[in-house]
Amino acid sequence: TADARHLYRQCRRAGQTGLRTGSLMLNSSLSPDVFLSQYWQQKPYLFKGALPGFRDPLSPEELAGLACEDEVESRLVQHISDTWQLRHGPFAETDFTGLPDTGWTLLVQAVDQWFTELKGLYRHFDFLPDWRFDDIMVSYATANAGVGPHFDYYDVFIIQGAGQRRWQLGQHCDENTALADDTELKILAKFQAESEHLMEAGDVLYIPAGLSHQGISMDQSLSYSIGFRAPSYIEILEELCSTASQTLREDQRYADPQLQALTASAEITDEVIDKLRQIISSCVDNRKLVISSFGENITRRKYPEQQFVPEE
């Protein structure tokens, strides 16, 4: 990792990112239609040898250099004596030089926003909607390293780069699944592996949302996690209500001109509840409003500060 930060800055100034290009095709007899109908958000699938001749778009040194930048979201995970340790970036070069030879993983989010050529990886999945694409996370791991058994709320394709990783897939999880309480990491309290895959360069593993999994590096390895976002109902409604509120006037108020005398003045009657439902429905059940709200939310940059303008 020596001079990694300097190397990264040189690449950035030069308008390149060290990407080594090649002809990459999903070399599989499984058609997109069959994959979507039988596997997407249902069960995992290993595209063995999907990207023959795959070469890593960036080096571990470049990834470490990126993790030294203030604007970049990065994490360092170590497993020491049955204890999980998590550190957040930005890092200094000395943080890497002081690490042991095994047992740690570096993860960097949204690498595609910095190394733009990396975006070529998700052209292999162009049968999926563009708006579902989230980012490409890159992880470098030493031998016997991983981030523990966990699950995600989004679908992911993991492309294996240099080295080998053994992936174990387990049970389906949700927000009620118990997590370990002795670490910052969202590691499962119980994990039962139901299948296992040894991945080599060019292999692609699809893991549906909610399926527990863990990857263990056999040696020094790189992997590329292409995530597909799944906005929560909370996000959708918050954005919709926020957009709707901007279209309303101050004089639009609750009114009850046909009010009847009550025998119990503290009661909120069924008629009031029905009227409130009508008000809410009239405010948000609007196709143009949904288009505007969802379109603005789903196309918003995940990291707006990463707006890189190349130097002349």
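**Figure 1. What lines the largest pocket of this predicted model?** Sort the lining residues by kind and you get 17 nonpolar, 13 polar and 11 charged. The space they surround comes to about 980 Å³. There are 41 lining residues in this pocket, and the ones closest to its centre are Arg-75, His-150, Phe-151, Asp-152 and Tyr-154. Plenty of strands chip in here: S2, S3, S4, S5, S6, S7, S10 and S11 each supply at least two lining residues. The biggest giver is S5, with 5 residues. Keep in mind that the whole thing is a predicted model.

**Figure 2. Stepping back to see the whole chain.** If you trace the chain from end to end, you pass through 7 helices and 11 strands. It has 312 residues, and 40% of them count as buried. Now look at who touches whom: among contacts with a separation of 6 or more, 83% are between residues 24 or more positions apart.

**Figure 3. Leu-107, tucked into strand S4.** Find strand S4 and you'll find Leu-107 in it. Is Leu-107 buried or exposed? Its relative accessible area is just 6%, so Leu-107 is buried. Who are its contacts? Leaving out residues up to four places away in sequence, Leu-107 touches Glu-73, Ser-74, Arg-75, Val-77, Met-137, Val-138, Ser-139 and Val-147. You can also pick out Ser-223, which sits 116 residues away from Leu-107 along the chain, although their C-alpha atoms are separated by 9.6 Å.

**Figure 4. Asp-112, a buried charge without a salt bridge.** Look in the loop between S4 and S5 for Asp-112. This residue is buried, yet it has no salt bridge. Which side chain of opposite charge is nearest to Asp-112? That would be Lys-119, 5.2 Å away, and a salt bridge needs the nitrogen and oxygen to be within 4 Å. Asp-112 still has company: skipping residues up to four places away in sequence, it touches Leu-118, Lys-119, Phe-133, Asp-135 and Ile-136.

**Figure 5. Helix H3, wrapped up by its surroundings.** H3 covers residues 60-67, and 6 of its 8 residues are buried, so the helix is largely enclosed by the rest of the structure. The buried ones are Glu-62, Leu-63, Ala-64, Gly-65, Leu-66 and Ala-67.

**Figure 6. Lys-48 and Glu-200, a link between two loops.** These two side chains meet in a salt bridge, with 3.8 Å from N to O. The pair ties together distant parts of the chain, 152 residues apart: Lys-48 is in the loop between S1 and H3, while Glu-200 is in the loop between S8 and S9. Both partners are partly exposed, with a relative accessible area of 47% for Lys-48 and 36% for Glu-200. Asp-203 joins in too, as it is linked with Lys-48 and Glu-200 in a network of salt bridges.

**Figure 7. Two further salt bridges to track down.** The chain's salt bridges number 9 by the rule used here. One of them joins Arg-166 and Glu-196, at 3.5 Å from N to O. Arg-166 is in strand S7 and Glu-196 in strand S8, 30 residues apart. Another brings Arg-300 and Glu-239 together, at 3.4 Å from N to O. Here Arg-300 lies in the segment after helix H7 and Glu-239 in helix H5, with their positions 61 residues apart. Arg-300 counts as partly exposed at 42% relative accessibility, and Glu-239 does as well, at 23%.

Conventions. Residues numbered from 1 in each chain as written. Predicted model: local features only at pLDDT ≥ 70, side-chain atom pairs only at ≥ 80, totals over all residues. Heavy atoms only, no water. 1 Å grid on protein atoms, 1.4 Å probe; cavity = no way out; pocket = protein on both sides within 12 Å on 5 of 7 lines; lining within 4 Å. Points joined across faces, edges and corners; volume = space filled by probe spheres on them. Helix = DSSP H or I, 4+ residues; strand = E, 2+ residues; numbered from the N terminus. Nonpolar A, V, L, I, M, F, W, Y, C, P; charged D, E, K, R; others polar. Buried < 20%, exposed > 50% of the residue type's maximum accessible area, 1.4 Å probe, protein only. Lys, Arg positive; Asp, Glu negative; His and termini not counted. Contact = heavy atoms within 4.5 Å.
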